[in-house]
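Trainee: I would like to take a close look at a single part of this model, and then see what surrounds it. Could you walk me through one of the sheets slowly, and go on from there to the rest?

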Amino acid sequence: MVTTDRATAGSGLGRLFSLRGATGPLVGLVLLCIFLSFATDSFLSVRNLLNILDQITVLGIMAVGMTFVILIGGIDLAVGSVLALAMMVMGYLSNDMGLPLQLAIVVALIVAAGTGAVSGLLVTAFGVPAFIATLAMMSVARGLANMITDGQQIVGFPGWFNLMAIIRYGGFLTLTVGLMLVVFALGWAFLRYTSAGRSLYAIGGNAEVARLAGINVKLATIGVYVVSGLLAGLAGVVLAARLDSVQPSSGFTYELDTIAAVVIGGTSLSGGTGGIPGTIIGVLIIGVLRNGLNLLGVSPFTQQVVIGLVIALAVAAEALKKK
Amino acid sequence: MTSTDKPPVLTLRGIRKSYGPTEVLHGIDLDVRAGEVVALLGENGAGKSTLSHIIAGTIWPSAGTMTWQGAPYAPATPRQAIDLGVGMIHQELRLLEHLSIAENVFVGRTPTRGGIVDRREMEERAHKQLQRLGLDVSPTRLVRGLSTANQQLVEIAKALALNARLLILDEPTAALGGQETELLFRQIERLKADGVAIVYISHRLEEIKRIADRVVVMRDGDKVKEFDSADVAVRTIVEAMVGRSLERMFPPIPTPSGEVVLSVRGLSGANGAFRDVGFEVRKGEIFGIAGLIGAGRTELVRAITGADPIAAGEVFLHGRDVTPRSPRQSIRNGIVLVPEDRKLQGLVLHHSIAENIGYANRRAVSRNGFVTDGAVVRFADEQIRRFGVKGRAQQRADEMSGGNQQKVVLAKWLARDPKVVVLDEPTRGIDVGARSAIYEVIVALAVSGVAVIVVSSDLEEVLGVSNRVLVMAAGRQTGILDRAEANDVTVMELATR
């Protein structure tokens, strides 16, 4: 036990940023950064570190929703496809239907949240396992995304849209990175400081105990999938801003990267343990690793192998530590 | 007893076990002879579980020696212990429900011929073991749907198929009814006659007297007493277990005088487990519900508290219709359930006590919807002190003894000041000393004006704490007895009607 003294239990900094089992990954991240600082000239520069932040925005935003889902013992395989669907809805409404882009974004986010609501209802009302419900949604959303333009991409958005991902306010923060940080902060505060957020831990720990304790498990479950869908849609908007284009094949296998980031960050697939600080570390590990391997000139194929090994190692190390 | 003349098959000398700086076993000596039943008794936390796990090879001792059938014995894994003939039947059965009995008996060691599973051989051998235990079911039958007693026997068959010469039975009757217990005892007698040595762990002292040849009592990691016959007064054994002489097990029960708080009318469960039940509970009353296994008691109280759906009937609280649709709704109305199975329904075992208490008291630990760890821990600390839970708020629930876990489940509800508290099997798996503490909480609740419903399979317990007793049989309500007229005879008459 880190803290046993009641007087300090609520106020200690250690508890405030409690990593809920993610200290191992944090050590790994630090070691990785130290190694890359020495192995490359360019890793440890403000410019490169800002690049990494830009590169992880999409993954980071989706990983917050996925953390909620995995915390309650679920899984959301649809996020990659929902990201693409949201992008296409936004692009179609603004460029083909002539809606203002702001309004198109809002509709896209509503559609994305709606896919989550459908997944959540399938899980709670029909008893479909989360794996299957979201697998089905993954296929449906990808198909819909393709149907909108018959597989074509859409390019050419108003100038301010792309600039959200380019202009660095105060010399370092783009709007998209800022958005990710806000999502991190809200997700963290929600899990840590609201009773609804804490109920997610109870549901993941033992859904029957949670139900008998008076927690509305079904509503919470639907809510979690809605948030996951919504954040996947938001990540789609961010990706569109970064690319200044939308295409229906975007986000392919992003669900796997997202799950990997959450699991590396110490959130247990069986539910009930984990949190946003760990997920942020998981996202950073994947981001730093990709960036570092690029700087080292490692081929994309080898990168896949390395990332696979890191996922296996991170989870194995946690499992060993528990023994 | 002549058995004491034979040389022991298993001897333990100076067995110690430490976790970090804490020593939980302080040098235990134990002899077990072939064909005898040694009862291992003690309160939860006395060390009997640790000791039996050491014998079964799941835990390694820190010091001490063991010999088994004359040779030094130090199993590194349960598998090694089993190979040497030492088997343990755990309290929670570990059968694979979707496989057949035969497959369960030979799991991991399926007999093969030429590399292919020899089903016939497997089924024949399983059949032989089942017969040896007098269990008349087909070995090809799936384990799912077997009664708990029969599942227990399958576990024993599994151990016997591996030529076990020593069986450790950990609370084998905890989930068994009277007849099932009888059946198990007859099989234990048979095993004894076969020369199998048995270490028997139980909280039910009456059955120890029936089945055991010798009694070993442990307390706080020491062997405190050994009786060479089980013909010892229960009180003597209990006093050895708790280390003090017992006053009365049950506190004095107050007489209720208040108005009717809860009234249940014509209630029937959606799953058909009970029909047309009606009763009233008054302010400050302790209302017992008795009946045999399968009478529908648990289903009834789960329906009253919203945990299970209702087919017909109403529940009124102070004259207001509160027929529940969800546990959430019942809890809001002040009707709470302390469920039968703490580990599956009462607690998130790998979360802390503070979190567990917080889950049921989200209003109390939050301000404007915001919660802090500090608030959760402070609130839990308060409840822990109030209910005398031994432990700290940050401790994980599964690190505590059964009695303390139950107090946490109680504490999490009582902190809400409920109007009706329903306790389903409140002392199951809890040792004698801790039970009286639970009874005291129950009585204190009644005194404070709460209407209390207690469901129990332990007849003495229902009679001991209740003002009135509702008796059920096969889903029907067969009578309500006043404290004065309720005794084991009158209740059993109604329960078997």
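Mentor: In this predicted model, four strands of chain B form an open sheet in the order β14-β13-β16-β17, and their pairing is antiparallel. The edges of this sheet are taken by β14 (277-282) and β17 (320-321) of chain B, and because each of these has a single partner strand, one side of each is left without a neighbour in the sheet. If you follow the pairing at one of those edges, you will find that β17(B) is joined by two bridges to strand β16 (residues 310-317) of chain B, the two running antiparallel, and that F316(B) stands opposite D321(B) in β17(B). A helix also belongs to this picture: α9 (residues 297-304) of chain B packs on the sheet and touches β13 (260-269), β14 and β16 of chain B, while its direction makes about 120 degrees with that of β13(B).

From there, you can turn to strand β15 (residues 286-291) of chain B, where F287(B) has its place. F287(B) counts as buried because it has 26 C-beta neighbours inside 10 Å, and a residue needs 20 or more to be called buried. Leaving aside residues up to four places away in sequence, F287(B) touches V281(B), V452(B), I453(B), S466(B), N467(B), R468(B) and L470(B). Y19(B), by contrast, is 268 residues from F287(B) in sequence, and their C-alpha atoms are 43 Å apart in space.

Chain B holds another open sheet of four strands, with the order β2-β1-β4-β5 and antiparallel pairing. Its edge strands are β2 (22-32) and β5 (71-72) of chain B, each of which pairs on one side only. Strand β4 (residues 63-68) of chain B pairs with β5(B) in the antiparallel sense over two bridges, and there T67(B) stands opposite P72(B) in β5(B).

A parallel pairing can be studied in strand β18 (residues 335-338) of chain B, which four bridges join to strand β21 (residues 420-424) of chain B, the two running parallel. Within that pairing, L337(B) stands opposite V422(B) in β21(B). The side chains of β18(B) are worth following one by one, since I335(B) and L337(B) point one way from the strand and V336(B) and V338(B) the other way, yet all are buried.

Next comes the place where the two chains meet, at which 30 residues of chain B are in contact with 26 residues of chain A. On the side of chain B that touches chain A, the elements giving two or more residues are α10 (327-333), α11 (342-346), α12 (353-360), β20 (370-371) and α14 (373-386) of chain B. The largest share of that side, five residues, comes from α14(B), and the residues of the side divide into 14 nonpolar, ten polar and six charged.

Chain A itself has 15 helices and two strands. Its radius of gyration is 20 Å, close to the 20 Å that the globule rule gives for 323 residues, so chain A is as compact as a globular protein of that length. Taken along the principal axes, the C-alpha atoms of chain A fill a box of roughly 60 × 55 × 35 Å. Of its 323 residues, 49% count as buried, and among the contacts in chain A between residues at least 6 apart in sequence, 77% join residues at least 24 apart.

Definitions and conventions. Residues numbered from 1 in each chain as written. Chains lettered and ligands numbered in written order. Predicted model: local features only at pLDDT ≥ 70, side-chain atom pairs only at ≥ 80, totals over all residues. Contact = placed C-beta atoms within 7 Å. Nonpolar A, V, L, I, M, F, W, Y, C, P; charged D, E, K, R; others polar. Buried ≥ 20, exposed ≤ 12 C-beta atoms within 10 Å, placed from the backbone. Pairing = 2+ DSSP bridges. Rg over C-alpha atoms; globule rule 2.2 N^0.38 Å. Axes fitted to C-alpha atoms, helices over the stretch in contact; angles between N-to-C directions.
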